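The following exercises are to be worked through with the sequence and the model at hand. Each task is followed by a solution in steps.

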Amino acid sequence: QVQLVESGGGLVQAGGSLRLSCAASARIFEGYTMGWFRQAPGKERESVAGISWSGTTYYADSVKGRFTISRDNAKNTVYLQMNSLKPEDTAVYYCNSGGSIRDQLRSGIYWGQGTQVTVSS
């Protein structure tokens with residue numbers, strides 16, 4: 001069985017920080033590009049950040065300079081450090097595995113259940 005389990009979401013004031021974690025089964029972590037996507041109410045799911053097995057990163061323009069993605073290959077875990085949060089960052093954040101990074105972050109077939117991030121103004 002393969003799974004992605006997110007944690008770390010919550011309610012934070014604008015300007016605050018949160019760190020999301022995604023623990024993955026080894027089968028869908030080792031050698032895989034990992035990514036974070038988000039979906040706000042009434043909007044389509046969008047890419048946020050991604051990191052390849054070799055460490056290449058991707059960031060959406062809306063989060064560049066504020067969010068940092070990292071991975072701990074010994075723990076099969078990917079992180080998303082979110083600083084200077086804005087109300088427009090409010091969404092359900094999903095962990096993803098198996099995608100690719102080229103000019104953009106493309107999603108893979110494995111998804112977590114999502115974690116809610118709410119930023120109050």
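Strands, labelled E, are DSSP runs of at least two residues, numbered from the N terminus. The model used throughout is a predicted one.

**Exercise 1.** Determine the place of Ser21, and decide whether Ser21 counts as buried or exposed.

*Solution.* Step 1: Ser21 lies in strand E3. Step 2: the relative accessibility of Ser21 is 16%. Step 3: a residue is buried when its relative accessible area is under 20%; Ser21 therefore counts as buried, at 16%. Step 4: leaving out residues up to four places away in sequence, Ser21 touches Val5, Glu6, Ser7, Trp36, Thr77, Val78 and Tyr79.

**Exercise 2.** Describe the open sheet that contains E3, and state which strands are its edges.

*Solution.* Step 1: the sheet has four strands, in the order E1-E3-E8-E7, with antiparallel pairing. Step 2: strand E1 (4–7) and strand E7 (67–72) are the edge strands, since each pairs on one side only. Step 3: from one strand to the next, the twist averages 15 degrees. Step 4: E3, which spans residues 18–24, is joined to E8 by six bridges, and the two run antiparallel. Step 5: Leu20 has Leu80 in E8 as its bridge partner.

**Exercise 3.** Locate Leu85, and establish whether Leu85 is buried or exposed.

*Solution.* Step 1: Leu85 is placed in the loop between strand E8 (77–82) and strand E9 (91–101). Step 2: its relative accessible area is 2%, so Leu85 is buried. Step 3: apart from neighbours within four places in sequence, the contacts of Leu85 are Val12, Ala14, Gly15, Gly16, Ser17, Leu18, Arg66, Phe67 and Val119. Step 4: Ala74 is 11 residues from Leu85 along the chain, and their C-alpha atoms are separated by 29 Å.

**Exercise 4.** Trace the pairing of strand E5 with E4 and with E6, and state how many residues of E5 are buried.

*Solution.* Step 1: strand E5 comprises residues 46–51, and five of its six residues are buried. Step 2: strand E4 (residues 33–39) pairs with E5 in the antiparallel sense over five bridges; the bridge partner of Phe37 in E5 is Ser47. Step 3: E4 and E5 form a hairpin with six residues between them, and Gly42 in the turn has a positive phi of about 75 degrees. Step 4: E5 is also joined to strand E6 (residues 57–59) by three bridges, again antiparallel, with Thr57 in E6 as the bridge partner of Ile51. Step 5: the hairpin of E5 and E6 has five residues between the strands, and Gly55 takes a positive phi near 105 degrees there.

Conventions:
Residues numbered from 1 in each chain as written. Predicted model: local features only at pLDDT ≥ 70, side-chain atom pairs only at ≥ 80, totals over all residues. Heavy atoms only, no water. Buried < 20%, exposed > 50% of the residue type's maximum accessible area, 1.4 Å probe, protein only. Contact = heavy atoms within 4.5 Å. Pairing = 2+ DSSP bridges. Axes fitted to C-alpha atoms, helices over the stretch in contact; angles between N-to-C directions.
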